[in-house]
Amino acid sequence: MSVPMVKAEGVRKSFGSVEVLSGIDLEVARREVFCLIGPSGSGKSTFLRCINHLEQVNAGRLYVDGELVGYRQKGEKLYELRDREVCAKRSEIGMVFQHFNLFPHKTALGNVIEAPIQVKGESKSVVIERGKKLLDRVGLGSKHDAYPRQLSGGQQQRVAIARALAMEPKLMLFDEPTSALDPELVGEVLDVMRGLAEDGMTMVVVTHEMGFAREVGDAVVFMDGGVIVESGSPREMLTNPQHERTKSFLSKVL
Amino acid sequence: MDKVSPAVGTESGQSAGSAPVVAVPVRHPGRWVSAVLIVVLIAMLVNGLVTNPNFQWAVVKQWFFSEPILKGLVVTLELTVIAMFIGVVLGVVLAVMRLSTNPIVSGASWVYIWFFRGTPVLVQLLIWFNLAALYSVVSLGIPFGPEFVTFNTNNLIAPLVAAILGLGLNEAAYMSEIIRAGILSVDQGQTEAAQALGMSRLKTMRRIVLPQAMRVVVPPTGNETISMLKTTSLASVIAVTELLYAAQIIYGRTFQTIPLLIVAVIWYLILTSILSGGQFYVERYFARGSVRTMPLTPIQKLRRRFGGAPLPPAREAPAPNLEGIR
């Protein structure tokens, strides 16, 4: 059996005296679409941000592709990774944010080509070619020169996905990618994500879109109060939840 | 319905319920009174300028393009550019230091700003000018160890160097606060997005945060530059022959004080006007992406008003494709 793409063992995280994650254990297999659902404040976004070390875990171990996140282990001792090493690891993981976080001073294409040129040092002409293809793929072939502010929310989020894909990541993290969108625009973003899943991208998705989780998800985890309450295949869990808390949550969102 | 003016009520259809609004506008007598008052005051001012012989316009004209004045003008410009350059570069460094998590580094920046903002720039200029009295030689070497090169302070700190140091270092304190405000104005999500893409702290700052901070930084920096242009006149106190001192040297000899001060005033006004114009274009450049349509340049406005030719789309901001905006 191959190494899981993401593996968490007893991951804990506190902000001050508030414990947000109280021991998370899970595994995300390669080419899997892994959905995290749960009420706000349940720690799902925090867990996602731990995966690319935007937040540091306080206890437990978190592995991406078999390698410890943010630290190097020698014997019993942990050594913090240098900035450069953290950056190198992050560059292999794509992330899509709830509020898009596109660079407003750059065009759609400028957003997409920024990191491959600046971080990977690829040649500009190669990256521009790839960037244009990616924008075509997310359905924005005619918007290369548009600035983010000239695009709708759904279009911005699709640029953000193209921007993450331009780094050719092995893992994609989605932090409530459709929560800030008008209901009418949710579909276009989910379509792009569905296409990605079909191409075999490993994805960890924090979402409130139960329909997406059921159709596209390979595994789903319900979190509440910093712990995993229930996990399983989306079809079973979303239609026939076992746990009381899951039942009450699903009855409200479905 | 035959009196419908073309500007009103054409969009809402021709139904009987949508009669055009034809109303008597409100009168504003106060506006007329104040306008007349101001016109009279202006007329008095102009009359005074023209008829009072003490202005000695002939003398103003005689010296306006004279060599000493033009040389002083060049020194004023040099001082402004170099001092602002030092101010901006050092200001960026101080602002980044101030935002550092290392307490010694941010503390050092705080102390610098505290000192240079807390003392008058004139006093600072005098101290730099008289530095030789404090340290007679300046040496390069290992701290507390051997010295490699030694300079005589009086040779090193000529009046112009003292002025550049005094104005530039003082400006850095103000610029750092302006730049810090700019950095803080950029959304935290921008840094996160850049970091998630694997960009280092330095690249994130240089490529993502600072360009966006510029939009907030540019307007006050324009003010600082204009203010600096005028503050350079303080260097006259330490015998730097800039515009004001050049004028003073002449009227010290000819006693034509007012006309020469007027020469300086007109030159300062010309320079600050040019700077204000430049500020508009710089602001416009850094606004790209943050507004949907660019403000028109004065030339574009003129063309729109008088020329029939359609405007070329502004290069920095392609015309927004409206189908994408909701």
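Here is a walk through this predicted model, from its nonpolar cores to its aromatic rings and then to the place where its two chains meet.

Let's start inside. The largest nonpolar core has 48 residues, and the members that touch the most others are A:Ile37, A:Leu135, A:Ile161, A:Met172, A:Phe174, A:Met193 and A:Met203. Helix α6 of chain A, residues 183-198, gives this core its largest share, with 8 residues. If you'd like one residue to look at up close, try A:Phe174. Leaving aside residues up to four places away in sequence, A:Phe174 touches A:Leu48, A:Val96, A:Ile161, A:Met193, A:Leu196, A:Met203, A:Val204, A:Val205 and A:Val206. There's also a second, separate core of 38 residues, and its members include A:Leu26 and A:Val204 along with B:Ala193 and B:Ile208.

Now for the rings. Over all chains, the structure holds 9 aromatic pairs. Take B:Phe64 and B:Trp267, which are stacked, with 4.6 Å from centre to centre and 5° between the planes. Along the chain, these two are 203 residues apart: B:Phe64 belongs to helix α2 (residues 57-64) of chain B, and B:Trp267 to helix α12 (residues 257-286) of chain B. So are they buried or exposed? B:Phe64 counts as buried because its relative accessible area is 12%, and B:Trp267 is buried too, at 10%.

B:Phe280 and B:Tyr281 make another kind of pair, an edge-to-face one, with 5.3 Å between centres and 90° between planes. Here B:Phe280 is partly exposed, with a relative accessible area of 29%, and B:Tyr281 is partly exposed as well, at 39%. Going back to the stacked rings, B:Phe64 and B:Trp267 form one aromatic cluster together with B:Phe65.

Rings also turn up next to charges in chain A. The charged end of A:Lys74 sits over the ring of A:Tyr79, 5.8 Å from the ring's centre. A:Arg163, meanwhile, lies over the face of A:Phe103, at 4.6 Å from the ring centre.

Finally, have a look at where the chains meet. On the chain A side 33 residues are in contact with 32 residues of chain B. Between them the two chains bury about 2,800 Å², and 52% of that is on carbon and sulfur atoms. Which three residues of chain A supply more of its buried area than any other three? They're A:His105, A:Arg149 and A:Gln150, which supply 23% of the area chain A buries against chain B. Charges play a part in the picture here as well, with 3 salt bridges found across the interface of chain A and chain B. A:Arg49 forms a salt bridge with B:Glu192, and their closest N and O atoms are 2.8 Å apart.

How values were computed. Residues numbered from 1 in each chain as written. Chains lettered and ligands numbered in written order. Predicted model: local features only at pLDDT ≥ 70, side-chain atom pairs only at ≥ 80, totals over all residues. Heavy atoms only, no water. Core = buried A, V, L, I, M, F, W, Y, C linked by side-chain atoms within 4.5 Å. Buried < 20%, exposed > 50% of the residue type's maximum accessible area, 1.4 Å probe, protein only. Helix = DSSP H or I, 4+ residues; strand = E, 2+ residues; numbered from the N terminus. Contact = heavy atoms within 4.5 Å. Phe/Tyr/Trp six-rings, centres within 6.5 Å; stacked < 30°, edge-to-face > 60°. Lys NZ or Arg CZ within 6 Å of the ring centre and 35° of its normal. Buried area = accessible area lost by both parts, 1.4 Å probe. Salt bridge = Lys/Arg side-chain N within 4 Å of Asp/Glu carboxyl O.
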